[in-house]
Amino acid sequence: MTIIYDSKNHLRLIFSAQGTSLHYALPSAIFSTIIAAVYAYLIENDYLEFGFDTDGYKFFATVSSFLIVWQSQSAYNDMWKARNVFDDVLSSSYNCCMIA
């Protein structure tokens with residue numbers, strides 16, 4: 001199968017690809033970026049004062065970071081367990097072939 005596309009028009013390729021969800025996510029991302037930019041502008045120019053205690057957010061960030069690291073380590077350990085089991089299966093099948 002040969003895929004032919006115009007190498008000078010990358011956006012057309014991205015938005016015309018089958019199965020892409022970028023055209024659904026992009027409007028939300030642009031809207032969120034505009035809201036964040038307006039909020040940053042208002043805070044920076046002292047049009048808006050918004051203060052809150054950050055202790056709860058620090059605690060939440062710490063707990064969530066530990067949970068993410070634990071989940072990553074757990075997935076990594078499971079991957080190595082599966083790899084060891086697969087190695088055992090391969091060596092057992094190799095030994096069976098050698099016996100036969």
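**A chat about a predicted three-helix model**

Me: How many salt bridges does the structure hold?
Reply: The structure holds 1 salt bridge. Please note that this is a predicted model.

Me: Which side chains meet in that salt bridge?
Reply: The partners are Asp87 and Arg83, with an N to O distance of 3.0 Å.

Me: And how are Asp87 and Arg83 placed in helix H3?
Reply: Asp87 and Arg83 are 4 residues apart in helix H3, so about one helical turn separates them.

Me: Are the two of them buried or exposed?
Reply: Neither term applies. Asp87 has a relative accessible area of 34% and is therefore partly exposed. Arg83, with 39%, is likewise classed as partly exposed.

Me: Let us step back. What is the secondary structure of the protein?
Reply: The protein has 3 helices and 0 strands. Along the sequence, the pattern reads α-α-α.

Me: Where are the helices?
Reply: Helix H1 covers residues 10-16, helix H2 covers residues 22-44, and helix H3 covers residues 55-99.

Me: What share of the residues counts as buried?
Reply: Of the 100 residues, 0% count as buried.

Me: And what does the accessible surface come to?
Reply: The accessible surface is about 9,500 Å², and 66% of that area belongs to carbon and sulfur atoms.

Me: What is the average confidence?
Reply: The average pLDDT of the protein is 83, and 81% of the residues score at least 70.

Me: Where is confidence lowest, and where is it highest?
Reply: Confidence is lowest in helix H1, where the mean is 68, and highest in H3, where it is 91.

Me: Now aromatics. How many aromatic pairs are there?
Reply: A search of the whole structure gives 2 aromatic pairs. In one of them, the ring centres of Tyr41 and Tyr47 are 6.2 Å apart. Their planes meet at 35 degrees, so this pair is classed as tilted.

Me: Why tilted rather than stacked?
Reply: Stacked rings need planes under 30 degrees apart and edge-to-face rings need over 60, so the 35 degrees between Tyr41 and Tyr47 makes the pair tilted.

Me: How exposed are Tyr41 and Tyr47?
Reply: Tyr41 has 48% relative accessibility and counts as partly exposed. Tyr47, at 59%, counts as exposed.

Me: And the pair of Tyr76 and Trp80, what is its geometry?
Reply: Tyr76 and Trp80 are edge-to-face, with 75 degrees between the planes and 6.2 Å from centre to centre. Both residues belong to helix H3, where they are 4 residues apart and thus separated by about one helical turn.

Me: What are the accessibilities of Tyr76 and Trp80?
Reply: Tyr76 has a relative accessible area of 49%, which means that it is partly exposed. Trp80 is partly exposed at 35%.

Me: Back to Tyr41. Which nonpolar surface patch includes Tyr41?
Reply: Tyr41 joins Tyr39, Ile43, Tyr47, Leu48 and Phe50 in a nonpolar surface patch of about 640 Å². Tyr41 itself lies in helix H2.

Me: And Asp46, what is notable about its phi?
Reply: The phi of Asp46 is near 60 degrees, a positive value in a residue other than glycine. Asp46 is placed in the loop between H2 and H3.

Me: Is Asp46 buried or exposed?
Reply: Asp46 counts as exposed, because its relative accessibility is 62%.

Me: A last topic, the cysteines. How many disulfides does the structure hold?
Reply: The structure holds 0 disulfides.

Me: Why is there no bond between Cys96 and Cys97?
Reply: The sulfur of Cys96 has its closest cysteine sulfur in Cys97, at 7.0 Å, which is too far for a bond. A disulfide requires sulfur atoms within 2.5 Å.

Me: Does the view from Cys97 matter, that is, which cysteine sulfur is closest to Cys97?
Reply: The closest cysteine sulfur to that of Cys97 is in Cys96, at 7.0 Å.

Me: Are these cysteines buried or exposed?
Reply: Cys96 counts as exposed at 52% relative accessibility. Cys97 is exposed as well, with a relative accessible area of 59%.

Methods. Residues are numbered from 1 along each chain as its sequence is written. This is a predicted model: local features need pLDDT of at least 70, side-chain atom pairs count only at pLDDT 80 or more; totals for chains, interfaces and linings use all residues. Side-chain values use heavy atoms; hydrogens and water are left out. Rings of Phe, Tyr and Trp (its six-membered ring) pair if their centres lie within 6.5 Å; planes under 30 degrees apart count as stacked, over 60 as edge-to-face and the rest as tilted. Buried means under 20% relative accessible area, exposed over 50%, partly exposed in between (1.4 Å probe, protein chains only). Helices (H or I, at least four residues) and strands (E, at least two) are DSSP runs, numbered from the N terminus. Patches are made of residues with over 30% relative accessible area and no salt bridge: like charges are joined within 9 Å, nonpolar side chains (Val, Leu, Ile, Met, Phe, Trp, Tyr) within 5 Å. Accessible areas come from the Shrake-Rupley method with a 1.4 Å probe; for residues, only the protein chains shown count as cover. A salt bridge is a side-chain nitrogen of Lys or Arg within 4 Å of a carboxyl oxygen of Asp or Glu. pLDDT is the predictor's confidence in each residue, from 0 to 100.
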